[in-house]
Every structure is written in C-alpha cells, then in structure tokens.
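Here is a friendly walk through one model, with an eye on its charged pairs, its sheet and its cores. Have the viewer ready as you read.

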Amino acid sequence: MLRVLYLVHDLSDPAVRRRVLMLQAGGAEVVLAGFRRGENRLADIEGIAPVELGATKDAQFAQRLLAVVGASMSLGRRLGGMARPDVILARNLEMLALAGRAAAQFGGAVPVAYECLDVHRLLLRKDAIGRALRAAESHFGRRAKLLVTSSPAFVEHYFKPLSGIRAPTHLLENQVLELDRNDAGPPARTRSEGQPWRIGWFGAIRCRKSLALLSEFTRRMDGRFEVVLRGRPARSEFDDFDGLVAREPFIRFEGPYRNPEDLAGIYAEVDFAWAIDFFEEGQNSHWLLPNRLYEGCRHGALPIVLSGTETARLAGERGVAVTLDDARLETLIARFSAFDDSAYRALHAHLVALGPRPWIVDRADCAAFVQRLAALRQPGVQPVAHPIPSLVTNKVDCHDR
C-alpha cells in the first residue's frame, strides 16, 4: 500500500478532506500534517489524527512565513517515530518549503509532488517580492517529481512562462468526489409560478466585488432573484461580512456544509451556481476552474460565468453556461431580464443529457491518481509528462478551490 505524507496549509479546508478521501479510496495510506487556520476546526476525516504544525492566519502572509520557519525547526520532533512515507504530497508553496526538510527526516530519498490549485497574486508580482517568491518556489521545487494543478490555464499563464518548476504536469480538476457509482444525471427542475429564481454561491466566499454586485442586482430585481450563500466566508476580505448580509433583503447565509455529502441537497435548492470570482481579478480568477462549476453542473444548477475566463470556456464548450459579457450591473440585469422558464428548461435539458461523468471523479479515477504517485517511488524511473487534455473530454489520469 502506498504511504503518502500529505502536507497541507489549512487542515480545515474542505478540499483537503476531499483529497484525503480520494487518496484513501485509491488505496493509499495517508498521514496528514499541516497548519490550523485561525479558529477553524481541524478537518473531520475519519480514521486520521492530523499532525498539527502550528497556527496561521488568513491573508497574513508574513505571519504564515514565520509559522513555516517555526515548523521547519520542529519538524523532526513532530514527525519523529513516523513510518517512512513513499511519497510526500505538498499543497501550496509554504508546504513545498517544508517538503524537503520532511524528506530529509526519512533519509532524503522520498519523492515530492507539488500540489498547486491556485496561483497567489504575490507570485505574479513583477517587483522584487514577486521575483523572490518565484525564486523560492523554484528552489524548493527543484526536487519535485510531479506538479499537480487544477486548470490548464495555470500551466499556460504561470507555470510555463514564469515559474521555475520543471516537473511533469498532472491535471487534477476540481470535480465532485463520487465514490459510489451513480450514472443518473440531475433530475428535471420544476418551478412554481411566481417563485423567485435562486442563485447559489457556495464554497470559499472571498470576493467582495461579487457580494456587492449580487446585492445591487437582487435589490434592482425586487425579489425576483435571491442569493443563497453557503460555505466558509473569508472574513478578512470583508469589513463586516455578517452585517453586510444581514442588511440585504434578498441574500442569506446558511452556514457551512459537508463536501461531498451535502452537495445534492444544497444545489437542489437553487437554480443557478455563481461561478464568477473577482478575487485576484485578471489573474487567478481568470484562470481557475472552481469547485462550484463542477458541483453545480453535477447537481443541476446552471453556472453563471464571465466571458473570457477559463470557467466560461469550459462551460461554454459544454453548452451549459449562462454567460455575462462583462461584470457591470447593467449587463447582469439585462441578461436575466430576458431570461425565462423556456430558456432555463432548454439549457437544463442539455445539462441533464450530458450525464454526471464530465463533472465527477470516481473510484477508478482515485486509483489512477494513486498509481501516478506510486510511479514516483520506483528507482530509476522518471514520470512521463502528459499533455494537458482536451477540456471537451475533461478526463485525465484522474481528478480535484
């Protein structure tokens, strides 16, 4: 059985839990180590007691850097007595910085895979700070045998032209983890006359511009549209998240949820999935393929996307997008003022006809990913670089904001 040491930046991140479940389903034994983010509870992952390396704070890069330095000094003690892993999977740059030190604890020959599902804005700066961070990524990533990322646009716009990472690339999209085979697509939707349209914004809620835009939009539409928020608000990005939501008559926040267990239920309550992100606008937000795109499509909520983004490209190619030409309030109002039940039914029927396969990762995909990692440990064998697959087929060796 492949033994994976998974180093993570935030133990309570739902995406971390999903990745651990995926590794376990693929047949790997997982040891989880990482930082606790603020007051967030540790990830609830059955059968795993995480090794806590310290606490970090959201949006405080300097504090996170100091935490990494502190963790590197105590890593030997924290990992002492642990069985030697076959592979180290390091999520994000700060954990890549710890991966080499962790490998040294076990004799230095443990291969490292670098998992980067977002490109932080600091890495894209053209000044000395950006150059220093890219140099650090190149330095710490020199031993990486595999780069795991979630969007081909990250490779095209960052890893090829700017990053010093030269490892083979493995595309692992943010698809829904669905271990029990279910070939049924989302059920047909019916709406009562006069019922408001509902937009679901689920997952990492970190975009002030989206909240402001949706607030103005729902007020102008005078109750014909409502917005339901669920997930984990990045409170550091809002002056007063709870107060902002409380003052909006057509927006409500309904707390966290379990992924993937609660997805079918929460998406069944909405008609659309907000798949637009202005956080790090023009960079990461244009390149990412967010969880909510796959989750919404798997469970029957049509994605609202912004033209020119990677999200719009994928959703448009599959014929399921409600696309905005730009991010102006007037554009959003005009797009939905002309939207009626017949337009919705036509798009939704096409979504249902696609079935679940484009949006999910199953046990076979999990096993394929674990095999990909297992190949890194074979003496004298270097992993073969795979080309970025077509977004139409959307399948690679396997899956994974």
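Glu269 is partly exposed, at 44% relative accessibility; the label covers values between the buried limit (under 20% relative accessible area) and the exposed limit (over 50%), using a 1.4 Å probe and protein chains only. This is a predicted model, in which local features need pLDDT of at least 70 and side-chain atom pairs count only at pLDDT 80 or more, while totals for chains, interfaces and linings use all residues. Residues are numbered from 1 along each chain as its sequence is written, and side-chain values use heavy atoms, leaving out hydrogens and water.

Glu269 forms a salt bridge with Arg230, the term meaning a side-chain nitrogen of Lys or Arg within 4 Å of a carboxyl oxygen of Asp or Glu. Glu269 sits in the loop between helix 8 (263-267) and strand 12 (272-274), while Arg230 is in strand 10, so the pair ties together parts 39 residues apart in sequence. Helices (H or I, at least four residues) and strands (E, at least two) are DSSP runs numbered from the N terminus. Arg230 is buried, with a relative accessible area of 12%.

Three of the salt bridges look like this:

| Acid | Base | Closest N and O atoms |
|---|---|---|
| Glu226 | Arg198 | 3.1 Å |
| Glu269 | Arg230 | 3.3 Å |
| Asp326 | Arg328 | 3.4 Å |

Glu226 counts as buried at 16%, whereas Arg198 is partly exposed at 21%. Arg198, Glu226, Arg230, Arg252, Glu254 and Glu269 are linked in a network of salt bridges. The count of salt bridges comes to 25.

Now to the sheet. An open sheet of 7 strands has the order 3-2-1-4-5-6-7 with parallel pairing, where two strands pair if DSSP finds at least two bridges between them. Strand 3 (51-56) and strand 7 (169-171) stand at the edges with a single partner strand each, so one side of each has no neighbour in the sheet. Strand 2 (residues 29-37) pairs with strand 3 over 5 bridges, and Gly34 has Glu52 in strand 3 as its bridge partner.

What about the nonpolar cores? A nonpolar core is a set of buried Ala, Val, Leu, Ile, Met, Phe, Trp, Tyr and Cys residues joined through side-chain atoms within 4.5 Å. The largest has 57 residues, and those touching the most other members include Ile199, Phe217 and Trp274. Strand 9 (residues 197-205) gives the most to this core, with 5 residues. Another core, apart from it, has 41 residues, among them Ala71, Ala102, Val110 and Leu147.
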